[in-house]
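Below are some notes on the model you sent, set out as numbered points. Please read them with the structure open.

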Amino acid sequence: MKIRCSWVCVILAFVAVLVLTNSGYAAQRKLVIVGWGGAWEEGIKKAFADPFEKETGIRVIFTGPIDFGKMKAMVESGKVEWDVLQAGDFRILPAAKAGLLEPIDYSIVDKSVLFPGAAREYGCGGEYEAMVLGYRTDTYKDKTPKGWKDFWDVKRFPGPRSLYKGVFYTLEAALLADGVPPDKLYPLDEDRAFASLDRIKPHVTVWWRMGSQSQALLKDHEVDMISAWNGRVAKLIHRGDPVAISWEQALFVQSAWAVVKNAPHKKEAMEFINFAGRAKNQAVMAEHIYYGPTNPEALKYIPEKVARWMPSYPENFKKSIELSGRYWEKNRDRLTEKFEAWLMK
């Protein structure tokens, strides 16, 4: 009896050690997502982070904003604090070229569930999003702005404006406002773009960086017209705010998940990207912030009243223009420097 008890005690002790060890390991597993805050972060938590944490036990931590200069410093110093980010192709390609990203591990990430082209070497999945013209309907009651030419027309549409404080989207909008046809947009006519920006600059009261800031500017009526991501404006519309979207010449991109070079939780990052490719999870995200899913099966779970606010909705898509990631891969740093210098003038 004593012998049997001893063996039982030993086995129970061994099991206890295993349980405690595994529990400790699970508690240590975590993932840091650097993102855009506001409604985007709320949606990511609801659609992906919270269910992922519940299913895997991997703790998800959010930080922000995304700053590629800071990310470069982290990678070069060997002190990387971030794991996963989501950004457009025009940001991912230059970051990958600079050695700041890990290739996506497709032994973990199932790319077969995604639209063709949505699984790339350094970016995978994500969503389709667009920079649109958002405006206050209580300001423009009789006539409404349609496209960037009207954004630039301060006589017909007076009122304070806000533009994205970044070279992407902004140079394209400036050229479209100046009459450049969409199919002649690239390569960008830099002199013409900056001359167009010179004309609108006195009427831009705020240059925004974060999506949450753009949303607040329009909601609080600090500006009458703004360039903003479609999900931010659509969110306000569905809350009952007096705002609207013009889909004319909307500028869209695929925003994909990427993993920072030497991420401290690389495996967990790949597992999260795989999880974020699930159809039902993407449908939840689309309903929250109205960005288009990259898993075609997600469309089965998205009602019409939500789908019509997404860039991939047929009526919106035919009015929209895709940004060229390849162009920005080659010209990002030079034009960013030029744009920042122009802002300081």
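1. In which strand is the place of Ser227? This is a predicted model, and in it Ser227 sits in strand β8, which covers residues 225–229. Ser227 counts as buried because its relative accessibility is 3%, against a cut-off of under 20%.

2. What does the side chain of Ser227 reach? The partner is the backbone nitrogen of Tyr164, at 3.1 Å. Tyr164 is also among the residues in contact with Ser227 once neighbours within four places in sequence are left aside. The others in that list are Met131, Val132, Trp148, Phe151, Ser162, Leu163 and Trp208.

3. Helix α6 deserves a point of its own. 11 of the 11 residues of α6 are buried, so the helix is largely enclosed by the rest of the structure. Its buried residues include Glu172 and Thr170, along with Val167, Phe168, Tyr169 and Leu171. Ala173, Ala174, Leu175, Leu176 and Ala177 are further buried residues of α6. After α6 comes Gly179, with a positive phi near 100 degrees.

4. On aromatic residues, the whole structure holds 25 aromatic pairs. One of them joins Trp40 and Trp257, with 6.3 Å from centre to centre and 45 degrees between the planes, and it is tilted. Trp40 belongs to helix α2 (residues 38–56) and Trp257 to strand β9 (residues 243–260), so the pair links distant parts of the chain, 217 residues apart. Trp40 counts as buried at 3% relative accessibility, and Trp257 counts as buried at 1%.

5. How are the rings of Phe168 and Trp328 placed? Their centres are 5.0 Å apart and their planes stand at 85 degrees, so the pair is edge-to-face; the cut-off for that term is over 60 degrees. Phe168 is in helix α6 and Trp328 in helix α14, so the pair ties together parts that are 160 residues apart in sequence. Phe168 is buried, with a relative accessible area of 5%, and Trp328 counts as buried at 0% relative accessibility.

6. Phe168 and Trp328 also belong to a cluster linked by ring pairs. Its other members are Trp36, Phe90, Tyr164, Tyr169, Tyr186, Trp208, Trp229 and Tyr327. Tyr164 and Trp208, both in contact with Ser227, are thus part of this cluster.

7. The largest pocket has a volume of about 720 Å³. It is lined by 29 residues, and those closest to its centre are Phe68, Gly69, Phe168, Arg332 and Thr336. Two or more lining residues come from each of α3 (68–77), α4 (89–97), α6 (167–177) and α14 (325–344). Which element gives the largest share of this lining? That is α14, with nine residues. By type, the lining of the largest pocket divides into 13 nonpolar, four polar and 12 charged residues.

8. The second largest pocket holds about 240 Å³ of space. Its lining is made of 13 residues, and Tyr128, Pro311, Ser312, Tyr313 and Phe317 lie nearest its centre. How do the residues of this lining divide by type? There are 11 nonpolar residues, one polar and one charged.

9. To sum up the place of Phe168: it is a buried residue of α6, it pairs edge-to-face with Trp328, and it is among the residues closest to the centre of the largest pocket.

Methods:
Residues numbered from 1 in each chain as written. Predicted model: local features only at pLDDT ≥ 70, side-chain atom pairs only at ≥ 80, totals over all residues. Heavy atoms only, no water. 1 Å grid on protein atoms, 1.4 Å probe; cavity = no way out; pocket = protein on both sides within 12 Å on 5 of 7 lines; lining within 4 Å. Points joined across faces, edges and corners; volume = space filled by probe spheres on them. Helix = DSSP H or I, 4+ residues; strand = E, 2+ residues; numbered from the N terminus. Nonpolar A, V, L, I, M, F, W, Y, C, P; charged D, E, K, R; others polar. Buried < 20%, exposed > 50% of the residue type's maximum accessible area, 1.4 Å probe, protein only. Polar contact = N/O pair within 3.5 Å; in protein donor to acceptor, adjacent residues only side chain to side chain. Contact = heavy atoms within 4.5 Å. Phe/Tyr/Trp six-rings, centres within 6.5 Å; stacked < 30°, edge-to-face > 60°.
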